[in-house]
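Colleague: Hi! Could you walk me through this model? I'm new to reading these.
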2 protein chains.
Amino acid sequence: MRHIARQANIRELILDGVDALLARFGYRKMTMEDLARQVGIGKGTIYLHFPGKEELALAHVDRIAERLLRRLGEISAARRSPPERIRAMLVTRVLFRFDSVAHYSQNLNDLLSAVRKELLARRQGHFEKEAQEMAKVLDEGREMGIFSGADSLLTARLLIWSTNSMLPFNLTARELGKRGELEERVSRLADLLLQGLLQRPRDKKLK
Amino acid sequence: MRHIARQANIRELILDGVDALLARFGYRKMTMEDLARQVGIGKGTIYLHFPGKEELALAHVDRIAERLLRRLGEISAARRSPPERIRAMLVTRVLFRFDSVAHYSQNLNDLLSAVRKELLARRQGHFEKEAQEMAKVLDEGREMGIFSGADSLLTARLLIWSTNSMLPFNLTARELGKRGELEERVSRLADLLLQGLLQRPRDKKLK
DNA sequence: AAAATGACTAGAATACAATTTTGGTCAGGA
DNA sequence: TCCTGACCAAAATTGTATTCTAGTCATTTT
């Protein structure tokens, strides 16, 4: 029944090729023949694994998101304190995406403008999954009495929003600044947010 | 000596025209003749106030930023508690920009892609001024013992970064969601950040 | 039989020349 | 002194011929 996953990891190899060609040519100038040659397979074979060119680009960004999500899952499961884990997750979501597109000379929005609409939809999905993973940790922290008791998923979505401007969507990795500076920036922001999340002995009212 | 500001507010009228035509046609299809007609002046007159078309678009976004900055200045000077002011400033910087481009059908980055480079540079300047205005309030709050004692300007820059993803740069106002939802979102984020900024009686260490 | 291939085709992209439009100038008018 | 619109070089657009490419599928390979 399944018409995908014929060979072991051919799909992965194709996506590796997509990554290389997107970096070198961009979406429009990446041709299916180029890609087949790059991967060392016939053009038709690509269509045994992907329905078309658009889906190739989208699957590529999906893969980045999935890899990130796996990393977040590892951090989430690590035996560190919830605040440390949240901090690591925020830093990771920014730096992982930075590293994933550091070799591109365009930002992702421009690179994939031909599939903008679907790209935005997928991104929403990716963000939501990231939020869910972070919400788990927030819940844990709340049960331990470390975090204050707001709705975890809503809070996690805020953490996502607050770090989204550091992702290479409308700025290239280069334009976002040096990796070290970016790390510094997201780290500081994470610390600030975490201070806000911590349960405090006696709440000071905002007037 | 000055070759600008001949008449009272002709410059403002021209920028009003730019706003109308950008919304209706976008940057490329907005012609200088269209604009002159829209404003009711001769084409040459525009060049007495602006050096060229690119500068028109950039002056338009500058004006939005200046107006916002004036509002932030008002909030900054209001006699409310520093946390309340910071909160209002964050909400304002998001909603004011939302309202300023709500009638556009494209996001700002795409709308002004022809002047992308200079646009990014100006934006940096705008952000920095916003940060400076917020830093004032942070300093005030620190002197009152309300905020903890980190570098105010650095902290203000973090507040800017954390709300930047809610600005209509790569998403249209429509795509950012309903105004009410956006307000809710930025408000919640502001509250979270403020919690992080507050001086706490005894600091709980993060492990 | 299952998997992979590349020749093939319709439609899209490109190239190029002819034509139109437009950003910017400036001599003249109000 | 301030403003204007005719004017021009350069850019954008249009029309057309040509090339290129996404996707298909009959054939070959495994």
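Modeller: Happy to! This is a predicted model. A good place to begin is helix 3 (43-49) of chain A and helix 3 (43-49) of chain B, which each supply at least two residues of the surface near DNA strand C.

Colleague: Which helix gives the most to that surface near DNA strand C?
Modeller: Helix 3 of chain A does, with four residues.

Colleague: And which residues come nearest to DNA strand C?
Modeller: Out of 15 residues around the strand, the nearest are Gly42(A), Thr45(A), Met32(B), Lys43(B) and Lys53(B). By class, the surface has five nonpolar, six polar and four charged residues.

Colleague: What about the phosphates, how far is Lys53(B) from a phosphate oxygen?
Modeller: A backbone N or O atom of Lys53(B) is 2.7 Å from a phosphate oxygen of DNA strand C. Tyr47(B) uses its side chain instead, with an N or O atom 3.3 Å from a phosphate oxygen of the strand.

Colleague: Changing topic: what domains does chain A have?
Modeller: The domain assignment gives domain 1 (1-50) and domain 2 (52-197). Their centres, taken over C-alpha atoms, are 27 Å apart.

Colleague: How much area do domain 1 and domain 2 of chain A bury between them?
Modeller: About 1,500 Å², with 67% of it on carbon and sulfur atoms.

Colleague: How many salt bridges are there between those two domains?
Modeller: Three. One salt bridge joins the side chains of Glu12(A) and Arg63(A), at 3.0 Å from N to O.

Colleague: Which helix supplies the largest share of domain 1's side there?
Modeller: That's helix 1 of chain A, with nine residues of the side that touches domain 2.

Key: Residues are numbered from 1 along each chain as its sequence is written. Chains are lettered from A and ligands numbered from 1 in the order in which they are written. This is a predicted model: local features need pLDDT of at least 70, side-chain atom pairs count only at pLDDT 80 or more; totals for chains, interfaces and linings use all residues. Side-chain values use heavy atoms; hydrogens and water are left out. A residue is near a molecule or strand if one of its heavy atoms lies within 4 Å of it. A polar contact is a pair of N or O atoms within 3.5 Å; within protein, one must be able to donate a hydrogen and the other to accept it, and residues adjacent in sequence count only if both atoms are side-chain atoms. Ala, Val, Leu, Ile, Met, Phe, Trp, Tyr, Cys and Pro count as nonpolar, Asp, Glu, Lys and Arg as charged, and the others, Gly among them, as polar. Domain bounds come from an automatic or database domain assignment. Buried area is the accessible area (1.4 Å probe) that two parts lose on being put together, summed over both. A salt bridge is a side-chain nitrogen of Lys or Arg within 4 Å of a carboxyl oxygen of Asp or Glu.
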